Amino acid sequence: MAAAVAGATPATARKTLFTTTATLLSSSLKRGSRGLSCSAAAAAAPRLAPQPPDLVRWLQREGGFVHPALRVTDHPEHGLGVSAAAADGDIPPGDVLITLPGRLPLRLRHPTGAADDLLVQLAQQVPDELWAMKLGLRLLQERAKPDSFWWPYIANLPETFTVPIFFPGDDIKNLQYAPLLHQVNKRCRFLLEFEKEVRQKLDTVPLIDHPFYGQDLNSSSLGWAMSAASSRAFRLHGETPMLLPLIDMCNHSFNPNARIVQEGSVNSSDMSVKVVAETKIEQNAAITLNYGCHPNDFFLLDYGFVITPNPYDQVELSYDGTLLDAASMAAGASSPNFSAPAKWQEDILSQLNLHGEGAILKVSLGGPDIVDGRLLAALRVLLAADPEAVHKHDLKTLMSLDAQAPLGPTVEASALRTVLALCAIALQHFHTKIMEDEAILKGELPLTTELAIQFRLQKKFMIVDVMQNISRRIKTLSPQKSTA
């Protein structure tokens, strides 16, 4: 076990801190409310301990490596991050920036006693899609432990997070986007129910076997842990998610200047995780990693930020004959086949997984593909009258927006005009207009309000971009076939 670190919170203060923060995050959920009653963090949230230990010094003492030019800095907009120091010169590509030996990442471990057995049993009750809660339980265990090896790391974690489960109710409504609202409500309901399960499981457990050292958990402390894990954990090689001290302070970029390298398997004794410079890193530059090419739903729900602009942002639609009927009528391309496709069209829709048992009806607009390939293929097929012409093409061609009117300009123009109408319908689901959102953002706003409005505004910008792209494509078709 490591020696005491300067600035570490004593065991008695640690227990008080754990309880106090859980209470701060709490106020518990009222029945029917949309989010946990809690103040979300400011851009640079206070750390868990008022005077946390020096994380870099702890990491180095425990066998890790930190490039001498790196510093932990507090950015006014992005919060804590890792940057290259001003006076140390540029860092060349290929230089190792950070190395963590296998003992430093925090992850779920094989049970070593009754307390760990109970922790594993609780983790097994968590759905796989909420993997962050599984890892969060392990984080809470170490946070509660009086002499935790990872306390210097945990003490530096944010006290609060800006994920939507902690938004005030009005700001959850301000998102104005049903798919994200559904996910927020789903997570809040899970936390309420899981709190009951945890308390029921641990109610009669003796202190010596208690996985959280006798400390009480509620929905807000569980939410804190889930948010900490979802916003900071890495899943390397598709394996067990891990919390990587200091590395998790590197901010996101779609054009990062560094990358993560895992050497050895998770369970091997010589496993290590490194951050390596991908490009030349200039003085004062932030060290950035790519968290993944995801829409803003993912970034806000799991990380608590919105990327502006985000080339991977999308809006979700439900593939539905009634919706397509409304869109095609608005586009002047009405077809009876949307609600009642012919048998040969149903067969192709089944191949696209848009018809029949087990069909996946979620489609999207936006992102690199502009239009979901399955949606585009379905529109082309349903607007076509000649099955032989359709069967001349494979699904890949029918799904590609870059394919030059595979079923002819008339069908293509009708399909693209229907996409335009779907975009217009998607815009109508937002209660405010772009100019209204831009005017609101000019004022002084709470961070959660600003995040909610930025989120919905970026969705609208993305829809407008799709409409402009599709309009340009329509104009390239035969003029007599493409007039909208």
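What follows is a short conversation about a predicted model.

Visitor: Why is glycine 367 called buried?

Guide: Its relative accessible area is 11%. Buried means under 20%. The value falls under that cut-off, so glycine 367 counts as buried.

Visitor: Where is glycine 367 in the chain?

Guide: Glycine 367 lies in the loop between β12 (362–366) and α12 (373–383).

Visitor: What does glycine 367 touch, leaving aside residues up to four places away in sequence?

Guide: Glycine 367 touches Pro311, Tyr312, Asp313 and Gln314. Take proline 311: it is 56 residues apart from glycine 367 along the chain, yet their C-alpha atoms are separated by 5.8 Å.

Visitor: On to the helices. How do the axes of α12 and α15 lie?

Guide: The axes of α12 and α15 (residues 409–428) come within 9 Å and cross at roughly 130 degrees.

Visitor: Why is α12 called oblique to α15?

Guide: Angles over 145 degrees count as roughly antiparallel, and 65 to 115 as roughly perpendicular. Roughly 130 degrees fits neither range. It is not under 35 degrees either, so the pair is oblique. The crossing is right-handed.

Visitor: Which residues of α12 and α15 meet?

Guide: From α12 come Leu375, Leu376, Leu379, Arg380 and Leu383. They meet Val411, Glu412, Ser414, Ala415, Leu416, Thr418, Val419 and Leu422 in α15. By class, this contact has nine nonpolar, two polar and two charged residues.

Visitor: What makes α9 roughly antiparallel to α17?

Guide: Helix α9 (residues 296–303) and helix α17 (residues 447–475) pack at about 165 degrees, with axes 11 Å apart. Angles over 145 degrees count as roughly antiparallel, so this pair qualifies. Here α9 passes α17 in a left-handed crossing.

Visitor: Which residues meet in the contact of α9 with α17?

Guide: Asn296, Asp297 and Leu300 in α9 meet Leu451, Phe455, Gln458 and Lys459 in α17. Three of these residues are nonpolar, two polar and two charged.

Visitor: Now the cysteines. Is cysteine 250 buried or exposed, and how do you know?

Guide: Cysteine 250 has a relative accessible area of 0%. That is under 20%, so cysteine 250 is buried.

Visitor: Why does cysteine 293 count as partly exposed?

Guide: Cysteine 293 has 42% relative accessibility. Buried needs under 20% and exposed needs over 50%. The value sits in between, so cysteine 293 is partly exposed.

Visitor: How many disulfides does the structure hold?

Guide: Zero. A disulfide requires a pair of cysteine sulfur atoms within 2.5 Å.

How values were computed. Residues numbered from 1 in each chain as written. Predicted model: local features only at pLDDT ≥ 70, side-chain atom pairs only at ≥ 80, totals over all residues. Heavy atoms only, no water. Helix = DSSP H or I, 4+ residues; strand = E, 2+ residues; numbered from the N terminus. Buried < 20%, exposed > 50% of the residue type's maximum accessible area, 1.4 Å probe, protein only. Contact = heavy atoms within 4.5 Å. Axes fitted to C-alpha atoms, helices over the stretch in contact; angles between N-to-C directions. Left-handed = near helix turned anticlockwise from the far one by under 90°. Nonpolar A, V, L, I, M, F, W, Y, C, P; charged D, E, K, R; others polar.
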